[in-house]
Amino acid sequence: MARMKNVDGVNIPFTAEEETARDAEEAAWAAGETTRNAQAEINRLEGTVTPRRIREMTTDAGKDWVDAVEAAIAVERAKL
Amino acid sequence: MATKITNDNITSVDAAKLTGTLPAISGANLTNMAGGGATALIARNTFTGASTVEITSGFDGSVYDSYRLIIRSTLAAAGNMLAMRTSSNGGSSFDSGGADYKNSYWASNNAGGDGGGVGSGSNRLSLHSGNLDSDLGANLVADVFMPQIHESGKYAVFFVKSFQYLDTGNASVGAVRMNTWSNVRESTSTVNALQLFNFGSTTHTGSYQFIGYKKA
């Protein structure tokens with residue numbers, strides 16, 4: 001089924017040229033999924049190392065927790 | 001002041017004597033009214049199953065200084081990102097070069113992740129952060145303010161506040177996310193059309209309000 005674009009409230013079918021361009025954009029986006037997911041996970045993991053977690057690094061358990069996060073980040077970085 | 005009618009023309013009206021309602025008056029007939037900063041609804045449209053949404057009319061530098069675009073959209077499938085592009089030829093084509101835009105953001109989600117940054121260059125104006133690859137049924141509400149679309153020799157700037165919430169939560173991104181963006185189209189060409197589009201193969205459904213802020 002042809003794609004539709006909504007122009008000022010009116011649905012208009014894509015032209016053949018627009019379909020081709022859109023196919024290329026979607027393919028490029030799909031090809032980058034692994035990288036995007038890895039970057040999103042890195043951002044999430046980095047965000048979990050809060051000031052409280054850093055203060056808790058004075059304990060062995062606290063150090064282990066941060067080490068585990070660093071290891072998880074390394075796994076994701078390898079996917080980039 | 002008395003109410004006067006001279007030769008079938010109303011020349012003055014005593015408000016205290018006006019006990020009924022005025023008839024509906026076309027906005028086109030309401031002239032010479034102080035309007036600086038007042039808002040006007042340029043367009044409100046709905047879209048269903050659209051791959052792209054384009055706004056190609058309503059930009060008028062003689063009437064408006066600034067614009068606001070309020071978007072409510074639901075993506076139909078996972079793996080997508082809603083973004084925006086500009087046009088300076090009325091929508092005949094939209095700017096998609098890899099360094100046409102620059103985006104800076106701050107975002108947080110309820111899984112405990114916060115983050116921010118400035119991109120080096122982009123082929124889109126971002127409306128939300130991260131990606132929705134693992135999420136299904138993402139609802140996005142975005143409020144885009146455009147304060148200097150018509151400023152001569154200036155880049156067009158876009159302030160975005162958006163909120164996305166997910167029908168099915170995801171352990172990595174959480175069930176909700178808030179985003180604040182300051183984005184720019186790195187060109188002094190006048191923007192006179194906008195395109196909303198998805199990265200990914202899905203369509204989206206929703207509505208938008210396009211509002212102008214009057215110059216005077």
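**Exercises on a predicted two-chain model**

Across the interface of chain B and chain A, one salt bridge is found by the rule. The model is a predicted one, and the exercises below begin at this interface.

**Exercise 1.** Identify which residues form the salt bridge, and show that the pair meets the distance criterion.

*Solution.* Step one: the partners are Arg85(B) and Glu25(A). Step two: their closest N and O atoms lie 2.7 Å apart. Step three: the criterion asks for a side-chain nitrogen of Lys or Arg within 4 Å of a carboxyl oxygen of Asp or Glu, so the pair qualifies.

**Exercise 2.** Describe the side of chain B that touches chain A by its strands and residue classes.

*Solution.* Step one: β3 (39-50), β4 (52-55), β6 (81-87) and β13 (193-199) of chain B each supply at least two residues to this side. Step two: β3(B) gives the most, with six residues. Step three: by class, the side of chain B that touches chain A holds eleven nonpolar, 17 polar and four charged residues.

**Exercise 3.** Quantify the contact between chain B and chain A, and determine how strand β1 of chain A is joined to β4(B).

*Solution.* Step one: 32 residues of chain B and 21 residues of chain A take part in the contact. Step two: the two chains bury about 2,000 Å² between them, with 42% of it on carbon and sulfur atoms. Step three: eight residue pairs are in polar contact between chain B and chain A, both residues being at pLDDT 80 or more. Step four: strand β1 (residues 4-7) of chain A and β4(B) run parallel and are joined by three bridges. Within β4(B), Thr52(B) is the bridge partner of Lys5(A).

**Exercise 4.** Decide whether Ile211(B) is buried or exposed, and locate its surroundings.

*Solution.* Step one: Ile211(B) lies in strand β14 (residues 204-214) of chain B. Step two: its relative accessibility is 14%, and the limit for a buried residue is under 20%; therefore Ile211(B) counts as buried. Step three: leaving aside residues up to four places away in sequence, Ile211(B) touches residues including Leu41(B), Ile42(B), Tyr67(B) and Ile70(B). Step four: Arg68(B), also touched by Ile211(B), stands opposite Ile211(B) in β14(B).

**Exercise 5.** State which strands of chain B pair with β5(B), and in what direction they run.

*Solution.* Step one: strand β5 (residues 64-75) of chain B runs antiparallel to β14(B), with eleven bridges joining them. Step two: eight bridges join β5(B) to strand β10 (residues 138-146) of chain B, again antiparallel. Step three: in β10(B), Ala142(B) stands opposite Ile71(B).

Definitions and conventions. Residues numbered from 1 in each chain as written. Chains lettered and ligands numbered in written order. Predicted model: local features only at pLDDT ≥ 70, side-chain atom pairs only at ≥ 80, totals over all residues. Heavy atoms only, no water. Contact = heavy atoms within 4.5 Å. Buried area = accessible area lost by both parts, 1.4 Å probe. Polar contact = N/O pair within 3.5 Å; in protein donor to acceptor, adjacent residues only side chain to side chain. Helix = DSSP H or I, 4+ residues; strand = E, 2+ residues; numbered from the N terminus. Nonpolar A, V, L, I, M, F, W, Y, C, P; charged D, E, K, R; others polar. Pairing = 2+ DSSP bridges. Buried < 20%, exposed > 50% of the residue type's maximum accessible area, 1.4 Å probe, protein only.
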